[in-house]
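Thanks for coming. Please have a look at the structure on the screen before I start.

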Amino acid sequence: MSEETHGAVDAFVVETIAADDEALSAALADATAAGLPEIAVTPPQGRLLTLLARSVGARTILEFGTLGGYSTIHLARALPDEGRLISLEAKPEFAEVARASIERAGLGDKVEIRVGPALESLPALDEEGVGPFDFTFIDADKVNTPHYFAWALENSRPGSLILADNVVRGGTLADAEDPDPATKAQRSFHETLAEEPRVFATTIQTVGAKGHDGFTLALVES
Ligand SMILES: C[S@@+](CC[C@H](N)C(=O)[O-])C[C@H]1O[C@@H](n2cnc3c(N)ncnc32)[C@H](O)[C@@H]1O
């Protein structure tokens, strides 16, 4: 099947069951208008995030990589009234766009965006004891996926889910010789997962409007 077909199937799914509402469309439009890169999850993927977070009854969610807040809105919509989502974003100008979109979506009370490199934000989260998180979405700088996963695992509970996006990287995940540090990080992430008895995990390849990629989903068991 061609990339054109993959895009057409995504478009059909969006048309039938996964259309963005006004708040989500506006979040994407504002991000584009502000010059943010167009690398948010697709609408069907966004719905998957909502669906998974709802499935585990998430009351606390952690997100690595806010961008313009598109996935953040999908995730925060899964939360109950008293639920809380912390999203970590390196770029203040991205966080500003995201905050406005999240506020407009009526989710400002539930979402906190912390600005700065995520690895530097984590010690404060440790000190504040904000976890455990019921759902973690890892979607920031891909070279640090293994570090983010390690932190998320320590700050989860049995029954939590951790989803790491963009692990397949056009198929280079299967290539031991691929020199890209982001690919090497995903390979090392898988090697770590293989030795990690506390999680039950799998990786699913995806095709769609954004090409060939995939995600790893891990259930924390102990
Ligand atoms: C793929 S985008 C996130 C997309 C977003 N989750 C969505 O689907 O709407 C990755 C984001 O991670 C941010 N980022 C990159 N390096 C980071 C770091 N070290 N710490 C925190 N955020 C980082 C980028 O600025 C960018 O906004």
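I will go through the sheet, then the helices on it, then the ligand.

Keep in mind that this is a predicted model. The sheet is open and has 7 strands. In what order do the strands lie? The order is 3-2-1-4-5-7-6, and the pairing is mixed. At the edges are strand 3, residues 111–115, and strand 6, residues 199–206, and each of them pairs on one side only. Ignoring direction, neighbouring strands of this sheet are turned by 15° against each other on average.

Take one pair as an example. Strand 1, residues 60–64, and strand 2 run parallel and share 5 bridges. F64 has L88 in strand 2 as its bridge partner.

Now two helices. Helix 3, residues 43–55, lies across strands 1, 4, 5, 6 and 7, and its angle to strand 4 is about 160°. Helix 5, residues 92–104, lies across strand 2 and strand 3, at about 170° to strand 3.

Next, the ligand. How many residues surround the ligand? There are 22, and the closest are G65, S71, E89, A118 and D139. By class, this shell has 13 nonpolar, 4 polar and 5 charged residues. Helix 4, residues 70–76, and strand 2, residues 84–89, each supply at least two residues of the shell.

Some distances to nitrogen atoms of the ligand: a polar backbone atom of G65 is 2.8 Å from one, and a backbone N or O atom of A90 is 3.1 Å from one. For Y148, an N or O atom of the side chain is 3.5 Å from a ligand nitrogen. Is the ligand mostly buried or exposed? Taken alone the ligand exposes 600 Å², and the protein buries 88% of that.

Key. Residues are numbered from 1 along each chain as its sequence is written. This is a predicted model: local features need pLDDT of at least 70, side-chain atom pairs count only at pLDDT 80 or more; totals for chains, interfaces and linings use all residues. Side-chain values use heavy atoms; hydrogens and water are left out. A residue is near a molecule or strand if one of its heavy atoms lies within 4 Å of it. A polar contact is a pair of N or O atoms within 3.5 Å; within protein, one must be able to donate a hydrogen and the other to accept it, and residues adjacent in sequence count only if both atoms are side-chain atoms. Accessible areas come from the Shrake-Rupley method with a 1.4 Å probe; for residues, only the protein chains shown count as cover. Helices (H or I, at least four residues) and strands (E, at least two) are DSSP runs, numbered from the N terminus. Ala, Val, Leu, Ile, Met, Phe, Trp, Tyr, Cys and Pro count as nonpolar, Asp, Glu, Lys and Arg as charged, and the others, Gly among them, as polar. Two strands pair if DSSP finds at least two bridges between them. Axes are lines fitted to C-alpha atoms, for helices over the stretch in contact, and angles run from 0 to 180 degrees between N-to-C directions. Contact means heavy atoms within 4.5 Å.
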